[in-house]
Amino acid sequence: MSTTWEQRLIEVEVGAVAHGGHCVARHEGRVVFVRHALPGERVVVRITEDTGGSFCRGDAVEVVEASPDRVEPPCPFARPGLCGGCDWQHASWPAQRALKAAVVAEQLRRLAGLDREVVVEALPGGPEDWRTRVRLAVGPGGRPGFRAHRSHRVIPVDHCVITVPGALDGALGRTWPPGSELVATHDADGHDHLIEIGPPTTPRGRRPVPGPARRRRGSGIATERAAGRTWRVRADGFWQVHPAAADTFARVVGEWAAARPGEHAWDLYGGMGLFASVLAGQVGATGSVAVVESSARAVADGRTDLADLPQVSWHVGRTEAVLEGPDLTDQPPDVVVLDPPRKGAGKAVVTAIADRRPSRVVYVACDPAALARDIAAFAAHGYELARLRAFDAFPMTHHVECVALLVPTASTDRLSEWSVD
């Protein structure tokens, strides 16, 4: 009969960083995933989760031997048992990027069989005061905050060091209906917006549905700028949370897509058309860009913002389903851009893309493991990784954004024709 280690204190030597904001240690033959630690440290760990298998999870509650990369976390909520949003506040900013680079490289090596040197590039600004879109939960007592790591427990906060100053002024310092959520947005014009989403309801025999959304601050429509355009985005809709991210990713996608006038492009998981706008400018009036997006609301916004680009067509539905249908079969794409959710594109989408044999595939990824799995799937269809850049679009957290260029294996000798560097 196994005995749980939960709440047990153990002393371990911390090993390599792992995907997910923790490091790997070993104790009595078991793997321990340790948060609030750094590679090479010796720490005392309190086990927080143990299901009796080959591994368990814990928090470093005492540092016996510290890494030279360790710093004092600037936020009092970035501590064991408290807010789960930031993973690396206890590491210097250069060390954070090195940790993320090691994770991307390890995922590529383990899941795609590629040995690749990775550098995670900083975006303009520092590791604090950058987040422009924040979602808060409201706990049983009515106070807003963030959830603890791997928990639904809400940790009330009075500030957030990574959020743009002032963005949370309308949300904090008062109570809200328990179970509701708040979306705070600071847009490119410096305007702040706050949307209250009521507690979810559960109709009989159906899944829970979000409560009504109410505008509590600002117009509810955020102005954003990227790719040489102005975008009007619902304050509770999707937009990159780092102010420099959208424009940076659009620039890299444009350089690597390198679509020519008259060519045909796909923008899969296209949202409201950020990358489609770049592709449309490249293919011109004689080319075409097909955007595939599952959110009808995002497509409606995109149609409005890109009304001046008739070469852009819109297809609402899950990417897998649209690619299986007749809408996109008339003209195979010369270039495909895809920006899938955290789980990745998956084999069905990769196969559908590879079967059309585009000459360039530009993949924007928010999860390095999913990216590596999909790169391996592309390799099985004769595509290889030609370029890779990684960006620290989420400082203080374990998240990292990557942009990859995949090309048919036989075409790598022609990469110099494109403006890709």
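A cavity here is a set of grid points where a 1.4 Å probe fits but cannot get out, and its lining residues have an atom within 4 Å of a point. With that in mind, welcome to this predicted model.

**Stop one: the second largest cavity**

Select His19, Arg342, Cys366, Asp367, Pro368, His398, His399 and Val400, and you have the lining of the second largest cavity. The space inside is about 30 Å³. Colour your selection by class and you should find three nonpolar, three polar and two charged residues.

**Stop two: the largest cavity**

Searching the whole structure turns up two cavities of 30 Å³ or more, and the largest has a volume of about 60 Å³. Its lining is made by Val17, Ala18, His19, Gly20, Gly21, Trp88, Leu99, Lys100, Val103, Pro368, His398 and Val400. Which elements give two or more residues to this lining? They are β2 (17–18) and α1 (93–112). Show α1 as a cartoon, since α1 gives the most, with three residues. By class, this lining holds seven nonpolar, four polar and one charged residues.

**Stop three: the cysteines**

Keep Cys366 selected, as Cys366 also lines the second largest cavity. Why does Cys366 form no bond with the closest cysteine sulfur? That sulfur, in Cys402, is 9.6 Å away, which is too far, because a disulfide needs the two sulfur atoms within 2.5 Å. Cys366 counts as buried, at 17% relative accessibility.

The count for the structure is zero disulfides. Cys56 is in none either: the nearest cysteine sulfur, that of Cys23, lies 15 Å away. Is Cys56 buried or exposed? Cys56 is buried, with a relative accessible area of 1%.

**Stop four: an aromatic pair**

The structure holds five aromatic pairs. For one of them, select Phe33 and Phe55: this pair is edge-to-face, with 5.5 Å from centre to centre and 65° between the planes. Trace the chain between them and you will see that the pair links distant parts, with Phe33 in strand β4 (residues 30–35) and Phe55 in strand β6 (residues 55–65), 22 residues apart. Switch on a surface to look at Phe55, which is partly exposed, with a relative accessible area of 35%.

**Last stop: the ring of Trp5**

Finally, select Trp5 together with Arg8 and Arg30. The charged end of Arg8 sits over the Trp5 ring, 4.7 Å from its centre. Arg30 lies over the face of Trp5 as well, at 4.6 Å from the ring centre.

Terms used. Residues are numbered from 1 along each chain as its sequence is written. This is a predicted model: local features need pLDDT of at least 70, side-chain atom pairs count only at pLDDT 80 or more; totals for chains, interfaces and linings use all residues. Side-chain values use heavy atoms; hydrogens and water are left out. On a 1 Å grid over the protein atoms alone, a cavity is a set of points where a 1.4 Å probe fits but cannot get out, and a pocket is an open set with protein on both sides within 12 Å along at least five of seven lines; lining residues have an atom within 4 Å of a point. Grid points are joined across faces, edges and corners, and a volume is the space filled by probe spheres set on the points. Helices (H or I, at least four residues) and strands (E, at least two) are DSSP runs, numbered from the N terminus. Ala, Val, Leu, Ile, Met, Phe, Trp, Tyr, Cys and Pro count as nonpolar, Asp, Glu, Lys and Arg as charged, and the others, Gly among them, as polar. Buried means under 20% relative accessible area, exposed over 50%, partly exposed in between (1.4 Å probe, protein chains only). Rings of Phe, Tyr and Trp (its six-membered ring) pair if their centres lie within 6.5 Å; planes under 30 degrees apart count as stacked, over 60 as edge-to-face and the rest as tilted. A charge sits over a ring if NZ of Lys or CZ of Arg is within 6 Å of the ring centre and within 35 degrees of the ring normal.
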